[in-house]
Amino acid sequence: MLGSCCNAAKSGYEIISQHDIILFQGDSITDAGREKNNELPNNARSFGTGYANIVASTLLNDLADQDLTIYNRGISGDKVFQLDERWQKDCLDLKPDLLSILIGVNDYWHMRNGRYNGTPEIYENDYRNLLNRTLSELPDIKLVLCEPFILAGTTAVDDSWLEPYSHYQEIAARLAGEFKAIWVPFQSAFDDASEIAPASHWAHDGVHPSMAGSELMAETWLNALQ
């Protein structure tokens, strides 16, 4: 029988080591209706119905001998500063070895609808500070930064979103490079998928993924790690 490290390599997930703690963080896209009373690792109810559930299920199957502990701590509606407010409990205290973050749509959307006085500069400063805070306490952490995405021509998103939102996407990509994180290109994945089926097939409102959209996100995330 192959050793566990060899099994991980054979599966294409060399970045993941035996006994790793993996944490998914973000807003409603990551939250996906998860239960928040127990917040158990490796538990379907605690993962909701979105991409994080699919990714975790795949890893727990493909790397069954790795004894992984996987959490979802996404919270619907969150912006970067709200991640920071709960970061001790929902990240640092869990001591993850690998941290995946998808954040940004509310930083723009809530500003657009008048519920938040944010700007791209605030998003960048808050995000960079959060990452620096994380690395100062967990210097060996492996970071996965996910591209915030939107799909125009849907119930909530039209073409007027595209140019202003691109600044948030550029910031997230720049931070991924700055912090040497794995980059998950969700926007290009959805753009390609929208050539096959309408945007509403992947996310009815252009923000929250459908069943198909969640599967596409999980596939894109897993491919980024391989």
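A pocket, as the term is used here, is an open set of points on a 1 Å grid over the protein atoms alone, with protein on both sides within 12 Å along at least five of seven lines, and its lining residues have an atom within 4 Å of a point. This is a predicted model, in which local features need pLDDT of at least 70 and side-chain atom pairs count only at pLDDT 80 or more, while totals for chains, interfaces and linings use all residues. Residues are numbered from 1 along each chain as its sequence is written, and side-chain values use heavy atoms, with hydrogens and water left out.

## The largest pocket

The largest pocket has a volume of about 160 Å³, a volume being the space filled by probe spheres set on grid points that are joined across faces, edges and corners. Its lining is made up of Ser-28, Ile-29, Ala-32, Thr-49, Gly-50, Ile-54, His-208, Pro-209, Ser-210, Met-211 and Ser-214. Helices H2 and H11 (211-225) each contribute at least two residues to this lining, where helices (H or I, at least four residues) and strands (E, at least two) are DSSP runs numbered from the N terminus. By residue class, the lining holds five nonpolar residues, six polar ones and no charged ones; here Ala, Val, Leu, Ile, Met, Phe, Trp, Tyr, Cys and Pro count as nonpolar, Asp, Glu, Lys and Arg as charged, and the others, Gly among them, as polar.

## The chain as a whole

Eleven helices and five strands are assigned in the chain, and its C-alpha trace spans about 55 × 40 × 35 Å along the principal axes. The radius of gyration is 17 Å, which agrees with the value near 17 Å for a compact globule of 226 residues; the radius is taken over C-alpha atoms, and the globule rule is 2.2 Å times the number of residues to the power 0.38. Of the 226 residues, 53% count as buried, where buried means under 20% relative accessible area, exposed over 50%, and partly exposed in between (1.4 Å probe, protein chains only). The chain exposes about 10,000 Å², of which carbon and sulfur atoms supply 51%, with areas from the Shrake-Rupley method and a 1.4 Å probe. Among contacts (heavy atoms within 4.5 Å) between residues at least 6 apart in sequence, 76% join residues at least 24 apart.

## Helix H6 and its cover

In helix H6 (residues 105-112), the buried residues are Val-105, Asn-106, Asp-107, Tyr-108 and His-110. The elements covering these buried residues include helix H2 (28-31), helix H4 (80-85), helix H7 (120-137) and helix H8 (162-178). After H6 comes Gly-114, with a positive phi near 85°.

## Individual residues

The table places several residues by element and accessibility.

| Residue | Element | Relative accessibility | Class |
|---|---|---|---|
| Asp-31 | helix H2 | 4% | buried |
| Glu-124 | helix H7 | 15% | buried |
| Ala-172 | helix H8 | 1% | buried |
| Ser-188 | helix H9 | 35% | partly exposed |
| Glu-219 | helix H11 | 45% | partly exposed |

Once neighbours within four places in sequence are set aside, Asp-31 is in contact with Lys-36, Phe-47, Gly-48, Asn-72, Gly-74, Ile-75 and Ser-76. Under that exclusion of residues up to four places away, Glu-124 touches Ile-171, Arg-174 and Leu-175, while Ala-172 is in contact with Tyr-123, Leu-145, Pro-148 and Trp-183.

Some C-alpha separations relate these positions to other parts of the chain. Ala-172 and Glu-147 are 25 residues apart along the chain, with 6.5 Å between their C-alpha atoms. Ser-188 and Phe-149, 39 residues apart in sequence, have a C-alpha to C-alpha distance of 8.7 Å, whereas Glu-219 and Trp-161, 58 residues apart along the chain, are separated by 26 Å.

## Positive phi in a loop

Most residues other than glycine have a negative phi. Glu-39, which is not a glycine, nevertheless has a positive phi of about 50°, and Asn-42 likewise has a positive value, near 55°. Glu-39 lies in the loop between H2 and helix H3 (51-62), and Asn-42 is placed in the loop between H2 and H3. Glu-39 counts as buried at 11% relative accessibility, whereas Asn-42 is partly exposed, with a relative accessible area of 38%.

Methods: 1 Å grid on protein atoms, 1.4 Å probe; cavity = no way out; pocket = protein on both sides within 12 Å on 5 of 7 lines; lining within 4 Å.
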